[in-house]
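Please open the structure in your viewer and keep the selection tool at hand. This tour proceeds from one selection to the next and explains what is found at each stop.

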Amino acid sequence: MFRKFTKEDIHSRSKVKSSVQRTLKAKLTSQYPKLEDVIDELIPKKSQIELIKCEDKIQLYTVDGEVLFFQKFDELIPTLRLVHRFPEAYPTVQVDRGAIKFVLSGANIMCPGLTSPGAKLPDAPGFEKDSIVVITAENKDSALAIGKLLMSTEDIKSINKGHGVEMIHHLGDPLWNFTTD
């Protein structure tokens, strides 16, 4: 999604009202319930949230100058910077070591990279198709990417062919390197 993102893709910037901040906090905690305990640390009451509207109906939300989450249509999606601060708050899948270089180049993740030894998918019931997941890697501490499941984790295990996760954002992509200056 952010493969060719540049500052030229930005259309407008605006400060977010406090009523909208409350709505954003409520939406984030409903999507990611484990964030509820730390939401005030994430978005402090006196912080300045800025909305940056971009190409393709993408909206970035910055908190005190740092992009923490973005929105495409209705769903709020955390950036890796936010995921690294609170890694246990998001649904997570793990790829094997062989998939790391492909993930870091922005490639979609194939099902065998999620089902081989070294990879981990959640136990049943797992995650549904179109769920936003954080991608970690075997023997690595930090998340590598954020993606969207193209099939449920149960289907990934049983079918084990084709693309399993569509890449949205990964370490080193233009969103990772984006600054609000």
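Is Arg85 buried, partly exposed or exposed? Arg85 has a relative accessibility of 38% and therefore counts as partly exposed. Please bear in mind throughout that this is a predicted model.

**First stop: Arg85 and Glu66**

Keep Arg85 selected and add Glu66. The two side chains form a salt bridge, with a distance of 3.3 Å from N to O. Arg85 belongs to helix 3 (residues 80–85), whereas Glu66 belongs to strand 4 (residues 66–72). The pair is 19 residues apart and links distant parts of the chain. Glu66 is also partly exposed, its relative accessibility being 31%.

**Second stop: Asp40 and Lys25**

Now select Asp40 together with Lys25. Here the closest N and O atoms of the salt bridge are 3.1 Å apart. Asp40 is found in helix 2 (residues 39–42) and Lys25 in helix 1 (residues 18–31), so this salt bridge ties together parts that are 15 residues apart in sequence. Display the surface and examine each partner in turn. Asp40 is partly exposed at 46% relative accessibility. Lys25, by contrast, has a relative accessible area of 14%; the limit for a buried residue is under 20%, and Lys25 is therefore buried.

**Third stop: Glu154 and Lys157**

Next, select helix 6, which covers residues 153–159. Within this helix, Glu154 and Lys157 form a salt bridge whose closest N and O atoms are 3.9 Å apart. Why are these two residues separated by about one helical turn? The reason is that they lie three residues apart in helix 6. Both partners are partly exposed: Glu154 has a relative accessible area of 33%, and Lys157 has one of 34%.

The three pairs visited are among the five salt bridges found in the whole structure.

**Final stop: the whole chain**

Clear the selection and display the entire protein chain as a cartoon. The chain contains six helices and ten strands. Its C-alpha atoms fill a box of roughly 45 × 35 × 25 Å along the principal axes. The radius of gyration is 16 Å, which agrees with the value near 16 Å for a compact globule of 181 residues. Of these 181 residues, 49% are buried.

Finally, colour the chain by charge. There are 25 positive and 25 negative side chains, and the centres of the two sets lie 3 Å apart. With the surface shown again, the accessible area comes to about 9600 Å², and carbon and sulfur atoms account for 50% of it.

Key: Residues are numbered from 1 along each chain as its sequence is written. This is a predicted model: local features need pLDDT of at least 70, side-chain atom pairs count only at pLDDT 80 or more; totals for chains, interfaces and linings use all residues. Side-chain values use heavy atoms; hydrogens and water are left out. A salt bridge is a side-chain nitrogen of Lys or Arg within 4 Å of a carboxyl oxygen of Asp or Glu. Helices (H or I, at least four residues) and strands (E, at least two) are DSSP runs, numbered from the N terminus. Buried means under 20% relative accessible area, exposed over 50%, partly exposed in between (1.4 Å probe, protein chains only). The radius of gyration is taken over C-alpha atoms; the globule rule is 2.2 Å times the number of residues to the power 0.38. Accessible areas come from the Shrake-Rupley method with a 1.4 Å probe; for residues, only the protein chains shown count as cover. Lys and Arg count as positive and Asp and Glu as negative; His and the chain ends are not counted. The place of a charge is taken as NZ of Lys, CZ of Arg, CG of Asp or CD of Glu.
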